[in-house]
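User: I've got this model open on my screen and I'd like to talk it through. Can you take a few questions?

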Amino acid sequence: MSKARKTDPQSPALHAADSHDLIRVHGARENNLKDVSIEIPKRRLTVFTGVSGSGKSSLVFDTIAAESQRLINETYSSFVQGFMPTLARPEVDVLDGLTTVITVDQQRMGADPRSTVGTATDANAMLRILFSRLGKPHIGPPSAYSFNTASVRASGGITVERGAAKTKTVKATFNRTGGMCTRCEGRGKVSDIDLTQLYDDSKSLSEGAFTIPGWKSDSQWTVQLYAQSGFVDPDKPIRRFTKKEMQAFLYGEPVKIKVNGINLTYEGLIPKIQKSFLSKDKEAMQPHIRAFVERAVAFTVCPECDGTRLSEGARSSKIKRLSIADACAMEIRDLAEWVRGLKEASVAPLLEALQRTLDSFVEIGLGYLSLDRPAGTLSGGEAQRVKMIRHLGSSLTDVTYVFDEPTIGLHPHDIQRMNDLLLRLRDKGNTVLVVEHKPEAIAIADHVVDLGPGAGSAGGTVCFEGSLDDLRASDTVTGRHLDDRAALKESTRTSTGALKIRGATANNLEDVDVDIPLGMLVVVTGVAGSGKSSLVHGSIPAGEDVVSIDQTPIRGSRRSNPATYTGLLEPIRKAFAKVNGVKPALFSANSEGACPTCNGAGVIYTDLAMMAGVATPCEDCEGKRFQAEVLEYRLGGRDISEVLAMSVAEAEKFFGDGEARTPAAHKVLERLADVGLGYLTLGQPLTTLSGGERQRLKLATHMAERGGIYVLDEPTTGLHLADVEQLLGLLDRLVDSGKSVIVVEHHQAVMAHADWIIDLGPGAGHDGGRIVFEGTPADLVADRSTLTGEHLAAYVGS
């Protein structure tokens with residue numbers, strides 16, 4: 001076979017194609033960006049820094065990544081575009097030199113009960129093929145090992161065409177072998193519904209027997225459906241129903257009936273509840289609905305498949321005494337070793353691909369996970385790293401990878417491993433853009449862009465571009481704080497009691513006994529997967545005294561804002577109503593005071609079919625969201641739209657004294673300022689807030705709850721180096737006010753500031769789950785017997 005001759009690599013003239021080595025952004029105005037113009041080198045690693053809210057995400061995600069995605073979508077046919085989300089062009093004058101962008105963000109994976117780590121990464125698909133080839137006894141194709149595929153059998157007559165327009169009916173039988181457990185339908189858990197939480201059986205349906213949220217009104221359609229179905233007597237107490245009536249009431253098959261002249265589908269109460277509530281993500285439910293589900297439904301491991309989700313046939317087929325259920329339950333690093341020991345020439349390419357995928361898990365620091373781990377239980381950092389798996393072995397080059405704080409949830413010991421992966425992606429010829437706060441991650445940058453100088457309206461400009469050394473020498477906020485190091489406390493607080501945990505076995509915990517001291521700032525640390533969250537969130541006894549603030553994201557539409565989320569708008573509306581002698585509902589853009597033209601949204605959304613939708617400010621209210629007559633009512637000389645346009649810091653002064661003095665509103669504003677959100681405007685949509693801002697908003701809201709013990713999960717997430725000091729001050733104030741604060745954290749500044757440290761490990765997964773150190777930070781540094789101790793000692797310079 002002939003080979004093409006190589007041309008001389010020492011070409012004297014630069015090829016025209018090689019001149020496009022920059023991504024050029026000019027006049028970016030998305031969110032708080034102020035006509036930002038910047039040039040980013042391609043095939044290099046660029047880190048974007050700046051205080052939380054300075055505009056990093058607006059530039060990287062909402063401008064560069066968004067425009068790349070929009071341009072790619074436009075390459076599809078109009079028909080295909082009709083099925084895709086419509087993306088508006090970002091507010092920017094010129095975007096030049098873009099390449100295909102792959103975004104690896106912190107969005108948690110969908111909490112669908114059938115979504116697991118294995119299904120999200122295609123590792124399960126390869127395992128199913130492997131077992132269908134080598135499993136003994138042989139039970140069928142790969143679908144026979146899938147818990148998402150049910151077995152189906154059907155038979156009947158089919159029409160077959162036979163030349164010259166002749167047809168013949170023949171009998172046919174269809175079989176499909178699936179691996180789904182029929183009892184739990186591939187979920188691994190079965191639900192047991194407490195009927196006493198659904199209705200009061202001493203009442204009749206016409207007396208309002210239902211106790212389900214939203215079902216209490218006699219005029220409610222669902223209530224009318226049961227009352228007028230004809231299957232039960234609506235005027236008879238439920239406890240007096242006959243067996244036939246109770247069967248139809250609870251388990252009736254779907255059937256069409258007519259209610260008030262309208263065709264509706266009637267089905268029993270149990271299947272109705274299962275479809276209405278149990279098929280949805282519990283975390284996405286409204287708080288009162290979630291409370292009802294937790295109260296009314298008990299989930300237990302399926303007794304038929306023992307939680308494996310698989311049918312008996314799928315569990316019986318084995319390779320080297322291991323079924324596919326056993327393989328998925330193993331820690332991935334152990335599974336990788338098992339696969340490495342399989343030698344079968346007929347499936348060698350498959351084994352190689354599976355081995356590569358499993359090794360990527362280990363390499364990225366997720367070897368402690370198992371393939372059957374539900375995807376919805378992964379933290380934001382773990383979800384981001386799982387998404388990286390598919391890119392590490394990709395053959396794509398010359399693309400732009402965008403990462404949102406990839407070191408979140410990583411112990412200092414693991415950050416170097418993440419840095420190596422980012423550099424590998426760059427060295428394959430890709431452009432890597434990283435939004436990051438950790439000095440260890442900033443240190444590997446080829447190019448640094450620092451945005452600021454402040455947050456919100458005080459940010460949105462490029463303060464610095466250049467190398468790390470130049471950043472360190474610059475006078476920007478990031479440059480000044482880059483080498484900040486918190487010192488160990490000279491004296492620590494004295495415990496006022498202990499929170500006792502005994503025999504904790506959640507996930508990988510190995511019968512842990514620990515006394516968490518109260519009245520102190522306690523930091524729980526350890527490598528990722530060592531059991532920190534299992535100990536703190538899974539083992540601390542729930543009670544009225546414990547306020548737990550975990551990493552579940554807050555949800556809100558474009559109508560939601562800090563004022564509505566924190567409850568701040570309620571006292572503000574009442575204050576306006578009292579001074580002006582009108583109803584509070586007038587001062588809500590979601591109620592009676594809304595501008596009728598835009599329905600209180602402030603903008604008019606125009607759907608242009610397959611073209612990108614357009615949002616234009618409402619001409620009637622000029623984007624203020626309220627009716628003109630509502631804006632005539634004033635409090636302290638300001639109308640409601642002017643109050644919502646205030647920053648938290650400005651509003652704190654406004655409601656603190658004078659005519660507008662409103663103590664209830666002032667308390668909420670003080671908490672928002674305490675968590676470092678003084679720059680946010682009260683009416684800013686929640687959809688425009690960064691991840692760090694959302695978490696601190698959540699913290700400010702929970703601070704109003706009456707609890708003696710606060711449990712925080714990595715509160716430094718999304719915080720700039722300059723903001724960590726303010727967070728430490730807030731934690732100190734909480735403890736000094738008589739609270740006990742327990743923090744799961746990797747940031748060395750928080751560890752150094754702690755009164756007491758509980759270190760789990762020594763490793764992750766089955767190598768962790770044990771307490772390897774308890775004591776003061778000074779003792780941990782002096783001891784240096786754990787990975788945390790070594791890194792903390794290096795951090796404080798001991």
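Here is a short back-and-forth on the sheet, the cores and one histidine.

Analyst: Quick heads-up: this is a predicted model, where local features need pLDDT of at least 70, side-chain atom pairs count only at pLDDT 80 or more, and totals for chains, interfaces and linings use all residues. Residues are numbered from 1 along each chain as its sequence is written, and side-chain values use heavy atoms, leaving out hydrogens and water.

User: In what order do the 3 strands of the open sheet sit?

Analyst: Strands here are DSSP E runs of at least two residues, and helices are H or I runs of at least four, both numbered from the N terminus. Two strands pair if DSSP finds at least two bridges between them. The edge strands, β2 (36-41) and β4 (94-96), each pair on one side only. The pairing is antiparallel and the order is β2-β1-β4.

User: Which residue in β4 is the bridge partner of valine 25?

Analyst: Strand β1 covers residues 22-28 and is joined to β4 by 3 bridges. For valine 25, the partner in β4 is leucine 95.

User: Which helix gives the most to the largest nonpolar core?

Analyst: A nonpolar core is a set of buried (under 20% relative accessible area, 1.4 Å probe, protein chains only) Ala, Val, Leu, Ile, Met, Phe, Trp, Tyr and Cys residues joined through side-chain atoms within 4.5 Å. The largest has 68 residues, and Leu682 is one of those touching the most other members. With 7 residues, the top contributor is helix α25.

User: How far apart in space are histidine 20 and glycine 708?

Analyst: Histidine 20 lies in the segment before β1. In sequence, histidine 20 and glycine 708 are 688 residues apart. C-alpha to C-alpha, the distance is 59 Å.

How values were computed:
Buried means under 20% relative accessible area, exposed over 50%, partly exposed in between (1.4 Å probe, protein chains only).
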